[in-house]
Amino acid sequence: MINAPRVSAWRIVLILLAVMIALPAFVMGAELSHALGAVRAIQSSLVGGAILALIAALAGAAGAHTRKTTYELITDAFGGHGARLANGVLGLSILGWYGVVAMMFGHALASVSPALASAPIWALALGGCVLTTLTAMVGFRALDLLSAVTTPLKLLLLVWTFIAALRGGLSPVWSFVPATVMPMGLGVSMVAGGLMVGAVLSPDICRFAKSPRRAALACALAYGLGFPLVLTLAGLPSLASGDKDLVRIMLTLGLGVPALLIVALTAWSTNSFNLYAASLIGSTLRPGQPPWQLTLVAGLVGTVLGLAGIGELLVPYLLWLGVCIPPVAGIYLVHAVLAPSGAATAARWRADALIAWAVGSTWAALAPRWGLALTAVPALDSIAVSALVYGVIHRLLQHPGAGIPVVVKLGRRTTASTVDRSAEKF
């Protein structure tokens, strides 16, 4: 049980938006607009946002109901050792994203001011990493305060840029025709897949909500309306100016100080949340370690990944995230429904969760190539498949006579056993 005060749906929306208003979102908004045109880009943003809103609302409600972090919910579903594997993969993805944002911050900051341009990129990125590490070491209260201050300011700066860039009218924006038109489904997949990890992590923030209903409402508003708005505010100015770099657009419009602010604030809030999430993962791997130490170690690892050049592997990294992470959400959500009490078990490994994770990840990786995709969004397919497989196997393991070999904990020995309704419950 957590001791922090319960927060309103509005405060949760501010925290989630603080993470969404980020440099990668600005890039995504511009790419969508140039690949689809204004109208279809907005439509893709809304559809992708609706998918994210559904997943995040379910995950956030589960977190608010159980008062558990994402990683505790994963432990309930995967077992102690299985959760270490799943949380390790999730932690690596978060720290990798931390490194990507850190280097994007360094490059963007160098482009804002001639004085900063003379500084090494690594030094600028390192300065941002120190700031975000110190913030995350304080914990949730720091994120709450940071989002309350920075989210309205970042939205104001985005709206200011939007108005300044479209001062000449919307005609050039609506009349823009892409040289090569991207399929609508791919655009939706970009939106949904790009922030799917954030939706999976919704319980980390929503566990502080006053009720599951308020948590679900906050996620629906932030992902369903807020994120498409951010993509639109970043994308349409790029069509009007012909430039995909929002920071450079702001500089061209004479908004030097706002550009500096938005670069600093977006990286600060986004990476502070990334480290906070990473520290929660660390608490499941090293339960006795003080949170500030876990945050410090996470900050060091994420910084090293960024300086080592993980940003150069961004595309394969995002593909890896889309394959491995979404199925985890499908599994822990179904488990929260099938085992709402969340009682701890003696299981080290849960075969039902591991099999479902493997099937969901394989489906996400191979189904599009085989023409077997259920939807245009691989991440959504993998969640649905893993949830279905987990639900079926979970029921079979509890059905009389349905013998499936699984690994169980028996004293100090681990052995294989055939599970039926009379056996140890997983």
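A residue counts as buried when its relative accessible area is under 20%. Keep that cut-off at hand as you explore this predicted model.

**Stop 1: S189**

Start by selecting S189, which sits in helix α10, residues 184-194. Is S189 buried or exposed? Its relative accessible area is 14%, so S189 is buried. Now show what surrounds S189: setting aside residues within four places in sequence, the contacts are G194, A376, V377 and P378.

**Stop 2: helices α18 and α20**

P378 also opens helix α20, which covers residues 378-397. Select α20 together with helix α18, residues 326-338, and look at how the two pass each other. Their axes come within 7 Å and cross at roughly 40°. Angles from 35 to 65 degrees fall outside the parallel and perpendicular ranges, and α18 and α20 are therefore oblique to each other. The crossing of these two helices is right-handed.

Next, display the side chains where they meet. On the α18 side, pick P326, P327, G330, I331, V334, H335 and L338. On the α20 side, pick A379, S382, I383, S386, A387, Y390, G391, H394 and R395. Try colouring this contact by class: you will find nine nonpolar residues, six polar ones and one charged one.

**Stop 3: the nonpolar core**

Which residues have the most contacts inside the largest nonpolar core? Select F26, F78, Y223, F227 and Y332 to see them; the core as a whole has 119 residues. Then highlight helix α5, residues 80-112, which supplies the largest share of this core with 16 residues.

Zoom in on Y223 for a closer look. Beyond its neighbours within four places in sequence, Y223 is in contact with L16, M20, G49, L52, A53, A56, L195, G198, A199, S202 and P228. A separate core of five residues lies apart from the one you have been viewing; to find this other core, select A38, V173, L236 and L239, which are among its members.

**Stop 4: A136**

Finish at A136, in helix α7, residues 121-138. With 3% relative accessibility, A136 counts as buried. Add S272 to your selection: A136 and S272 are 136 residues apart along the chain, yet their C-alpha atoms are separated by 5.1 Å. What else does A136 touch, not counting residues up to four places away in sequence? Besides S272, show L275, Y276 and T295 to complete the set.

Technical notes:
Residues are numbered from 1 along each chain as its sequence is written. This is a predicted model: local features need pLDDT of at least 70, side-chain atom pairs count only at pLDDT 80 or more; totals for chains, interfaces and linings use all residues. Side-chain values use heavy atoms; hydrogens and water are left out. Axes are lines fitted to C-alpha atoms, for helices over the stretch in contact, and angles run from 0 to 180 degrees between N-to-C directions. Helices (H or I, at least four residues) and strands (E, at least two) are DSSP runs, numbered from the N terminus. Angles under 35 degrees count as roughly parallel, over 145 as roughly antiparallel, 65 to 115 as roughly perpendicular and the rest as oblique. A crossing is left-handed if the near helix is turned anticlockwise from the far one by less than a right angle, and right-handed if clockwise. Contact means heavy atoms within 4.5 Å. Ala, Val, Leu, Ile, Met, Phe, Trp, Tyr, Cys and Pro count as nonpolar, Asp, Glu, Lys and Arg as charged, and the others, Gly among them, as polar. A nonpolar core is a set of buried Ala, Val, Leu, Ile, Met, Phe, Trp, Tyr and Cys residues joined through side-chain atoms within 4.5 Å. Buried means under 20% relative accessible area, exposed over 50%, partly exposed in between (1.4 Å probe, protein chains only).
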